[in-house]
Every structure is written in C-alpha cells, then in structure tokens.
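User: Hi! I'm new to this one and would love a friendly walk through it. Could you show it to me?
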Amino acid sequence: MEKQTPLTIPAHFLGDKKKQAACSTTEEAYALIAAQYASPLLAGPPLGPELLELVRHMFNEEEVALVQYIPIPLGCMAGELAVRGGHSLTETLRILDGLAEEKGVLFCMGSGATRRYCLLPLVPGTFELVLMRVDQGGLTDWHSEFVRLFRRVFENGYFGEYVCRPVPVLTYVPVHQALDGHSAALPSDYLGELLDRYTVFGVSLCQCRLAARLEGGGCDKPLETCVTFGALAELLIRRGKLRRISKREALQIKADAERAGLVSFVAAANLQPDLGGLSSGTSCSCCSDCCYPMKLIRSLDQPRIAAPPHFRPFWNAHRCVQCGQCATACPVGALQFVVGEGVRYQAERCIGCGLCSVACRVHHAVQMRPVENFRPAPQGVLQVLAKCLPNYARNVWRIEQNRRRS
C-alpha cells in the first residue's frame, strides 16, 4: 500500500482559536476541513491527498467558506455561523440546509438561528446520509463520484487503527430460523423483541449496495432493507430520507432479507429507551459483496467492530456430507471448505449470524450453540457509555500520538 503524503496545515488554524478567523485562502479552508474529518474524534482516516480530494468534491467554494467554522464534535448554531461567515441568517441557512438536506454531508437539528449543524464521521455518518433515500431517483454523477472517492479513502484500511482497543457499536442479530425455539436465546437475540420498544419505523435503500451499483457492480440482493426506528426515524421521515412503515412491515423486510442470505445487525437498538423521546436505533441487512461492515471483517480482517456473538456454529461430523454449503453461505469468510478435509472454522472471524446453520437444513449437521461465559450487551445508555468511552478516549489519544510521530 502506498503511503500517503501528509498535508501541512498552518499551526495557527489548528489551535483553540482556529474558528475565530477565516482561513486566508480557499485552499487552506479545504485543508482545515479535511483535518477535521481526519480527527480521531470522528474516527477519521489519516490526513492525505485522497481525503482532501473527497472534501473538495463534497463542498464548493461558497460552502467551504462557511463549513470551515464548524467545530467537531458538537457543531455550531446557524446564528453563530452567520456572524462568522459574514452572511445574513437567511443566506447562511440557504447554504447549510442545501448541504444538510440535499447533499446530506452535514447533520442538523433545530430551526432558525439556533439550528445546529455538525460534521459527522465519514463512516458511519456522512456516507450513509449522502446515499440514504427511498428510491433511486435524484442520483447524479455527483453521487457516483462521491462513492468512488469515498471508496479510495476507505480501502486504505485506516479502520485498523481503531480496533486495537475496539468500540463494538454493532450487534449482529442471529437468523431467526437458526435460533427458533433455542432455550438459551435471549430477548435481545430476536429483532422483534428489540423493536417492541419503539413506535416509529422507517426504511431506506441499502447505502452500500446502492453505492456498488453506482460504480457499475454490486449484487442482486434486495435494496430496501435499512430500517431506522425511534426519534431519528421520525426526523428522517420528515426530511424524505425514509419511507414510513409499521413494525410488522419492518419485520417482514428483515425476514425477506434473511431468506436472501443477508445478515442483519443493529446499532444502538439494544438500548433501553432511557432517553425518552430521543431513543433511536438502526438495523441494516448486509451482504459480503457490497457492504462496508462486512468488508471490514472479511477483506480487512477486522472482526472486532461488532459485539461478541452469543451463538457460534457446532458441527456434527456424523451428519456432515462435506457439501460445502455452510462455507458458501458464510458472509465473513469464517468458514473454508477444503476438499477431502471438510470445513475449516475460524472462530475469531465468526459473527454468529447462523446463515451456515440455515444452509445445512437438509442434513442438520450445523447447529448454533451458546458461547460460554457470554455477557449480554449493555442495556442502557449510561452502561454503553461506561463500556465504550474508555476505549474511545484511549484510541483518540493513541492515534493522535502515533500520527504526530509519523
């Protein structure tokens, strides 16, 4: 892999006062925004030419003149940005709302002068918002180029920096057929139980498979599979990013995804709604060909982005006919079929999805068994923060130090 040449950012733009005065040139403003996206606070990639090229594509010169003032991670209110950018509030809102609601490269909440705009991580965050939609209408060459440039940044493998001390924010939900009636299964192992906590549901096209199709590739798996629930779903439905559905429709979408060989995961869905109306969650259904979470595990060998599985497969050698269908069904390369030897199993790659067990329904040679000493994922926001924040903080400090030395 060719090493990127670091970009040089003037020191006086990277201190505590960097948002108090404009960069002297547009080029410096682009470099400053690229440095924001590179920050470990946003789980960013190293600062380099590929990231800068992506940022140039995301923002035009008018937009970058305002976006340079948005701090991470909490963002800035429209009224403050208007003052700093020297625009009227109306003009500021026009520019920033175009970025948030049309391009999807900013996230915003609120209204008027107090509307807050934030830079999100490239992934998960910006990539999903840019491509989140209810149909393929409105896609342009701009989206195709965004996908191409994003892929170049992602495929540098920078996520490997963040799994030394993993912050597992994803939980893979086992295929229902694989656990049907299993006495050791917990309510959190079933998506239906998780969704019982919510009343608002929306669905969009899978951003990863849509991105693959924009580049002329991809698979033929279902597109409408990404489900969001809770307060975030209501917000995105109002903005036209999601199609409103019922809980019953959401479960049917997930059942159809399972039958198509997709693996569903949840992010934040295991949280008890202890934030009242702010409680939210998402569930995507991934394939191994297109989806970036799967690529991290399969191609970049990073299985620890997900919480440890509750179940793993067990083989009954007397029933196995060495057909290899379980290995073919595995979406993360945890199984390898060797002629004359049988199936090789790499437990460290396994996400416990159960697709191998479903693929062996004729011979019943593969069964899902609970992992010894399994600990359920935290059930409240405070518990999750207590579990994840220490590793997150250590990652930020370590990566900052390593990048300064390089």
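Analyst: Happy to. One term to begin with: a residue counts as buried under 20% relative accessible area, as exposed over 50%, and as partly exposed in between. Glu-101 is partly exposed, because its relative accessible area is 38%. Please keep in mind that this is a predicted model.

User: Okay, which residue does Glu-101 form a salt bridge with?
Analyst: Its partner is Arg-115, and the closest N and O atoms are 2.8 Å apart. Arg-115 sits in the loop between strand 2 (107–109) and strand 3 (116–118), while Glu-101 belongs to helix 5, so the bridge ties together parts 14 residues apart in sequence.

User: And is Arg-115 buried or exposed?
Analyst: Arg-115 is buried, since its relative accessible area is 10%.

User: How many salt bridges does a search of the whole structure find?
Analyst: The search finds 18 salt bridges. One of them joins the side chains of Glu-53 and Arg-148, at 3.9 Å from N to O. Glu-53 is in helix 2 (residues 49–58) and Arg-148 in helix 7, so this pair ties together parts that are 95 residues apart in sequence.

User: What else does Arg-148 form a salt bridge with?
Analyst: Glu-145, with the closest N and O atoms 2.6 Å apart. Those two are separated by about one helical turn, because they are 3 residues apart in helix 7. Salt bridges with shared partners then join Glu-50, Glu-53, Glu-145, Arg-148 and Arg-152 into one network.

User: Nice. Why do Glu-53 and Arg-148 count as partly exposed?
Analyst: Glu-53 does because its relative accessible area is 31%. For Arg-148 the value is 28%, so Arg-148 is partly exposed too.

User: Let's switch to aromatics. How many aromatic pairs does the structure hold?
Analyst: There are 10 aromatic pairs. Take Phe-146 and Phe-150: their ring centres are 6.3 Å apart and their planes meet at 15 degrees, so the pair is stacked. Both residues lie in helix 7 (residues 141–154), 4 residues apart, which is about one turn of the helix.

User: Are those two buried or exposed?
Analyst: Phe-146 is buried, as its relative accessible area is 1%. Phe-150 is also buried, at 1% relative accessibility.

User: What about the rings of Phe-201 and Phe-229?
Analyst: That pair is tilted, because the ring centres are 6.4 Å apart and the planes stand at 50 degrees. The pair links distant parts of the chain, with Phe-201 in strand 5 and Phe-229 in strand 6 (residues 224–230), 28 residues apart. Phe-201 is buried at 3% relative accessible area, and Phe-229 is buried at 0%.

User: Which residues form the aromatic cluster?
Analyst: Phe-127, Trp-142, Phe-146, Phe-150, Phe-154 and Tyr-292 form one cluster, so you meet the stacked pair from helix 7 again there.

User: Where does Arg-369 lie?
Analyst: Arg-369 lies over the face of Phe-314, 3.6 Å from the ring centre. Arg-56 lies over the face of Tyr-30, at 5.3 Å from the ring centre.

User: One last thing: what does the side chain of Lys-103 contact?
Analyst: A polar contact of 2.8 Å joins the side chains of Lys-103 and Glu-63. In addition, a polar atom of the Lys-103 side chain is 3.0 Å from the backbone oxygen of Met-58. Lys-103 is part of helix 5 (residues 89–103), and Lys-103 counts as buried because its relative accessibility is 18%.

Methods
Residues numbered from 1 in each chain as written. Predicted model: local features only at pLDDT ≥ 70, side-chain atom pairs only at ≥ 80, totals over all residues. Heavy atoms only, no water. Phe/Tyr/Trp six-rings, centres within 6.5 Å; stacked < 30°, edge-to-face > 60°. Buried < 20%, exposed > 50% of the residue type's maximum accessible area, 1.4 Å probe, protein only. Lys NZ or Arg CZ within 6 Å of the ring centre and 35° of its normal. Polar contact = N/O pair within 3.5 Å; in protein donor to acceptor, adjacent residues only side chain to side chain. Salt bridge = Lys/Arg side-chain N within 4 Å of Asp/Glu carboxyl O.
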